[in-house]
Amino acid sequence: MRDNGGRIRVLVVDDQVLIRAGLAALLRAAPGIEVAGEAADGEQAITLAAAACPHVVLMDAHMPGTDGISAARQIIATGGVDPPHVLVLTTYDIDKHIYAALRAGARGILLKNTPPERLLAAIAAVAGGDMLLAPPIVHRLISGYAPQPVPELQTLTDRERQVLRLVGKGMSNTQIAAHLIITEATVKTHINRTMTKLDLTSRAQAVVAAYESGLVIPTHEPQRNS
């Protein structure tokens, strides 16, 4: 999802002026990214998203008035056949916020302490259609799951299992392609086949399946992308 010049248009939403300005400055300095606007709350975000047609909305989850989750839900619902992809930023990896963001249709969730280079990579990944969850978020999602037999896993090829394991570790398609030295198109093919075989409908479900099946083992420390 880019404009004719190959740029990703990003709407920055945060109620804290310094954080919003810092994010906007970071994005303006990044090649291939254009800041489509800045909003200080959810209501402004909804209005600007409709007017500026961003590709990605970088949305603070916790704001007074209309919060980021409610704003994300409305932006996605009213965005037509090709709505903006929402990447939620949160300070707290609390279960209810994570699930609320996913239910609202967010394509990614990152913690606010994410390094700048990882944030830029996440924006590119989300703009490209990936779903991206920070490793600590992934850990929170599945920490309650114990490995159990998943019969359909036997239908996966070795490569499909490899890809599912990396999806479960929170990697984007770009990172998986680099890790396995294959193309992103091949990664997408493996993921689509895996989701069909396991009867999954979202990348979040694929993450859970990777943990439920024991392909990825929960640890006490958040996993890091490799």
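**Exercise 1. State in which strand T90 is found, and work out whether T90 is buried or exposed.**

Solution. T90 is found in strand 4 of this structure, which is a predicted model. The next step is the relative accessible area, which is 3% for T90; since buried means under 20%, T90 counts as buried. Finally, when residues up to four places away in sequence are not counted, T90 touches A61, H62, I109, L110, L111 and K112.

**Exercise 2. Place strand 4 in the sheet, and identify which strands stand at the edges.**

Solution. Begin with the strand order: 6 strands form an open sheet, arranged 2-1-3-4-5-6, and their pairing is parallel. Strand 2 (33-39) and strand 6 (132-133) stand at the edges with a single partner strand each, so one side of each has no neighbour in the sheet. Then turn to strand 4, residues 85-90, which pairs with strand 5, residues 108-111, in the parallel sense over 4 bridges. Within this pair, L89 stands opposite L110 of strand 5. Helix 1, residues 17-29, packs on the sheet and touches strand 1 (8-13), strand 2, strand 3 (56-60) and strand 4, while its direction makes about 165 degrees with that of strand 2. Helix 2, residues 42-52, lies across strand 1, strand 2 and strand 3 and runs at about 140 degrees to strand 2.

**Exercise 3. Explain why strand 2 is described as largely enclosed by the rest of the structure, and trace how the chain reaches strand 2 from strand 1.**

Solution. The count of buried residues settles the first part: 5 of the 7 residues of strand 2 are buried, so the strand is largely enclosed by the rest of the structure. Strand 2 pairs with strand 1 in the parallel sense over 6 bridges, and one bridge joins L11 to G37 in strand 2. The chain passes from strand 1 through helix 1 to strand 2, in a β-α-β crossover that is right-handed.

**Exercise 4. Find which residues touch the most other members of the largest nonpolar core, and list the contacts of L58.**

Solution. The largest nonpolar core has 50 residues, of which V10, L58, M59, L87 and I123 touch the most other members. Helix 5, residues 116-127, supplies the largest share of this core, namely 6 residues. For L58, leaving aside neighbours within four places in sequence, the contacts are V10, L11, V12, V13, L23, L27, L87, L89, L119 and I123. A second core, separate from this one, has 21 residues, including L156, M171, V207 and V216. As background, nonpolar side chains in soluble globular proteins tend to be buried together.

**Exercise 5. Describe how helix 7 packs against helix 10, and name the residues that make the contact.**

Solution. Take the geometry before the residues: helix 7, residues 158-168, and helix 10, residues 203-212, pack at an angle of about 105 degrees, and their axes are 8 Å apart. Helix 7 is therefore roughly perpendicular to helix 10. The contact is made by L164, V167 and G168 on the helix 7 side, and by R203, A206, V207, A210 and Y211 on the helix 10 side.

**Exercise 6. Locate M131, and determine which residues M131 is in contact with beyond its neighbours within four places in sequence.**

Solution. M131 is found in the loop between helix 5 and strand 6, and is buried, with a relative accessible area of 14%. Leaving aside neighbours within four places in sequence, M131 is in contact with L102, A106, R107, R203 and A204. For A204, the separation along the chain from M131 is 73 residues, yet the C-alpha atoms of the two are separated by 8.0 Å.

Note on methods
Residues are numbered from 1 along each chain as its sequence is written. This is a predicted model: local features need pLDDT of at least 70, side-chain atom pairs count only at pLDDT 80 or more; totals for chains, interfaces and linings use all residues. Side-chain values use heavy atoms; hydrogens and water are left out. Two strands pair if DSSP finds at least two bridges between them. Helices (H or I, at least four residues) and strands (E, at least two) are DSSP runs, numbered from the N terminus. Contact means heavy atoms within 4.5 Å. Axes are lines fitted to C-alpha atoms, for helices over the stretch in contact, and angles run from 0 to 180 degrees between N-to-C directions. A nonpolar core is a set of buried Ala, Val, Leu, Ile, Met, Phe, Trp, Tyr and Cys residues joined through side-chain atoms within 4.5 Å. Buried means under 20% relative accessible area, exposed over 50%, partly exposed in between (1.4 Å probe, protein chains only). A crossover is right-handed if, with the strands pointing away from the viewer, the path from the first strand over the helix to the second runs clockwise. Angles under 35 degrees count as roughly parallel, over 145 as roughly antiparallel, 65 to 115 as roughly perpendicular and the rest as oblique.
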